[in-house]
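Visitor: I am new to protein structures. Could you walk me through this one?

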Amino acid sequence: MRRALAEYDFDWLVKVDDDTFLHLPRLEAFVAGLPVGTRDIYGAATADGRADCLCGGGGYVLHRDMVELVANDPRLPVKGREDLEVCRSVLRHGGKVVVDERFCATGAVAPSRENQAISCHYVTPQRMRSLQEENFNHE
């Protein structure tokens with residue numbers, strides 16, 4: 001987060017794992033509907049359904065104002081479960097953890113023309129190419 005703040009001009013930070021398919025037009029529409037300056041973190045539910053944490057693999061979204069608070073949080077550990085620790089920091093700074101089912105922490109639901117899913121985690125490179133074609137190569 002510190003690097004993103006130092007090197008990039010952005011309003012929203014989106015974090016996903018490298019094996020996550022992300023439907024960018026849907027993500028852009030999702031972010032456009034969020035309140036500017038919100039202290040909340042939005043994203044994928046954890047496998048165990050924790051109310052205080054999101055699954056970083058399926059993705060989460062933070063406004064820059066909250067990224068600045070989290071990145072400078074002296075209680076944020078250097079090591080540990082990044083998704084849990086980021087959510088804890090958001091909560092310490094007055095934000096809420098907001099689960100949105102369009103972010104999928106598993107491969108159970110993938111973005112397609114038949115749904116409004118935004119992300120899908122645990123995607124192989126072959127499946128990634130297939131999802132890209134299914135979603136964006138219209139004939």
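A short set of questions and answers follows.

Visitor: What kind of model is this?
Guide: Residues are numbered from 1 along each chain as its sequence is written, and side-chain values use heavy atoms, with hydrogens and water left out. Local features need pLDDT of at least 70, side-chain atom pairs count only at pLDDT 80 or more, and totals for chains, interfaces and linings use all residues, as the model is predicted.

Visitor: Which element gives the most residues to the largest nonpolar core?
Guide: A nonpolar core is a set of buried Ala, Val, Leu, Ile, Met, Phe, Trp, Tyr and Cys residues joined through side-chain atoms within 4.5 Å. The largest has 16 residues, and Ile41, Leu62, Val86 and Val90 have the most contacts inside it. Two or more residues come from each of α1 (2–7), β4 (60–63), α3 (64–71) and α4 (82–92). With four residues, the top giver is α3.

Visitor: How many residues does the other core have?
Guide: This core lies apart from the largest one. Trp12, Leu22, Leu27 and Val61 are among its members. Its count is 13 residues.

Visitor: Which residues of α4 are buried?
Guide: Helices (H or I, at least four residues) and strands (E, at least two) are DSSP runs, numbered from the N terminus. Buried means under 20% relative accessible area, exposed over 50%, partly exposed in between (1.4 Å probe, protein chains only). The cover over the buried residues of α4 includes β3 (41–43), β4, α3 and β5 (97–99). Those buried residues are Asp83, Leu84, Glu85, Val86, Cys87, Ser89 and Val90.

Visitor: Is Asp17 buried, partly exposed or exposed?
Guide: Asp17 sits in the loop between β1 (12–15) and β2 (21–22). Its relative accessibility is 27%, so Asp17 counts as partly exposed.

Visitor: Which side chain makes a polar contact with that of Asp17?
Guide: Contact means heavy atoms within 4.5 Å. Beyond four places in sequence, Asp17 touches Gly56, Gly57 and His121. A polar contact is stricter: a pair of N or O atoms within 3.5 Å, where within protein one must be able to donate a hydrogen and the other to accept it, and residues adjacent in sequence count only if both atoms are side-chain atoms. At 3.1 Å, the partner of Asp17 is His121.

Visitor: What distance separates the C-alpha atoms of Asp52 and Val97?
Guide: Asp52 lies in the loop between β3 and β4. Leaving aside neighbours within four places in sequence, Asp52 is in contact with Cys87, Leu91 and Val97. Asp52 and Val97 are 45 residues apart along the chain, yet their C-alpha atoms are separated by 6.1 Å.

Visitor: Which element gives the most to the lining of the largest pocket?
Guide: On a 1 Å grid over the protein atoms alone, a pocket is an open set of points where a 1.4 Å probe fits, with protein on both sides within 12 Å along at least five of seven lines; lining residues have an atom within 4 Å of a point. Of the 15 lining residues, Arg2, Leu76, Pro77, Val78 and Val86 are the closest to the centre. β1 and α4 each supply at least two residues of the lining. With three residues, the most comes from α4.
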